[in-house]
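Here are a few short exercises to work through with the model open. Try each one yourself before reading the solution.

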Amino acid sequence: MRAPARREEAAEPEAAGALLVVGDVATDVVARHAEALAHGTDTPARIRTLPGGAGANAACWAAFSGCADVRLLGRVGAGTADWHGARLREAGVRPLLVPDEEAPTATVVALVDAEAERTFLTDSGAALRLCPADWSPGLLDGVARLHLSGYLLFSEPSRELAGLALADALDRGVPVSVDPASAGFIAALGVDRFLAATADAAVLLPNADEARLLTGLPDAADAAAKLSRHVPLTVVTLGAGGALVAESGAVTARIAPVPATAIDSTGAGDAFTGAFLAALLAGASPAAAASAGCRAGARAVSVCGGRPPGSEGARP
């Protein structure tokens, strides 16, 4: 096992009621192309390099949505640790970053077509090298909610860390939420293994494709209801269709979509997650929190990249 690495920690004092996100930080290369990709030759595109990562994006949207104390634990390549830490602080997030001397920061190439739909090419780099040596129960001091990015479950070291974080949170009575993150990676890991790893979570936040994969049910509402017998509160995002809230085996709310002019769907689910968790921390009901998530998701698709407006940062 690797020795614990130095974390970059902001100097703000501890505060009660914090949200701790444990997850991935990435450098996103977003390529928006109006024409279909031309195999073997050039396709014109508008390309930007931006800070990203599902866990980091969700943390930034939680802060943007009013959560006063948001913390993020993640691993990044040593060469870009300062840049990513600065971008997180600018977004109102307290970075707890572990610089990795052996692997670069995760990189995601997001191909965004004319309909704003994105396809990801993912190099997980340092993100999935987060390991038990990077975790301490003291990271939960002052924390009211723990959120785990599902990407953690797709490598052995980070899956072990996620298990430790979940167990320590349960010992302290801190509710845990999980974003499944990727239908493709769930399929590779195995549905049964994913469900076993999330059995003690309080909140599950899949999109419709992930919910269908996890249940084998074609209807998103049926899938949401079934998943809420596994995790008591399950909220399924439907993209432009809004969201479904299911509790203890039944759909309890259908959240209407928020109209938006979409240019890039990258990070829309992360925006939903961040705003949803911020609202729960503020005392909102699950349905009201899901409505806040839909509003954030609509705003997210109207900007390029996965972070809130104004927090994109400069090229590393």
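**Exercise 1.** How many bridges join E7 to E8, and do these strands run parallel or antiparallel?

*Solution.* Keep in mind that this is a predicted model. Start with the pair itself: E7 and E8 run antiparallel, with six bridges joining them. For one spot along the pair, look at Ala-110, which stands opposite Phe-120 in E8. Now zoom out: both strands belong to an open four-stranded sheet with mixed pairing, ordered E4-E3-E7-E8. Its edge strands are E4 (46-52) and E8 (118-123), each pairing on one side only. On average, neighbouring strands here are turned by 20 degrees against each other, ignoring direction. Finally, add helix H2 (residues 81-90), which lies across E3 (26-32) and E4 and runs at about 80 degrees to E4.

**Exercise 2.** Work out why Leu-111 counts as partly exposed, then list its contacts.

*Solution.* First, place Leu-111 in strand E7 (residues 106-112). Its relative accessibility is 22%, so Leu-111 counts as partly exposed; the buried class needs under 20%. Next, skip neighbours within four places in sequence: Leu-111 then touches Ala-31, His-33, Leu-37, Glu-117, Arg-118 and Thr-119.

**Exercise 3.** Describe how H6 and H7 cross, and what kinds of residues meet there.

*Solution.* Take the geometry: the axes of H6 (residues 208-215) and H7 (residues 220-227) come within 9 Å and cross at roughly 60 degrees. The crossing of H6 past H7 is left-handed. Then the residues: Ala-208, Ala-211, Arg-212, Leu-214 and Thr-215 in H6 meet Ala-220, Ala-223, Lys-226 and Leu-227 in H7. Sorted by type, that contact has six nonpolar, one polar and two charged residues.

Definitions and conventions: Residues are numbered from 1 along each chain as its sequence is written. This is a predicted model: local features need pLDDT of at least 70, side-chain atom pairs count only at pLDDT 80 or more; totals for chains, interfaces and linings use all residues. Side-chain values use heavy atoms; hydrogens and water are left out. Axes are lines fitted to C-alpha atoms, for helices over the stretch in contact, and angles run from 0 to 180 degrees between N-to-C directions. Helices (H or I, at least four residues) and strands (E, at least two) are DSSP runs, numbered from the N terminus. A crossing is left-handed if the near helix is turned anticlockwise from the far one by less than a right angle, and right-handed if clockwise. Contact means heavy atoms within 4.5 Å. Ala, Val, Leu, Ile, Met, Phe, Trp, Tyr, Cys and Pro count as nonpolar, Asp, Glu, Lys and Arg as charged, and the others, Gly among them, as polar. Buried means under 20% relative accessible area, exposed over 50%, partly exposed in between (1.4 Å probe, protein chains only). Two strands pair if DSSP finds at least two bridges between them.
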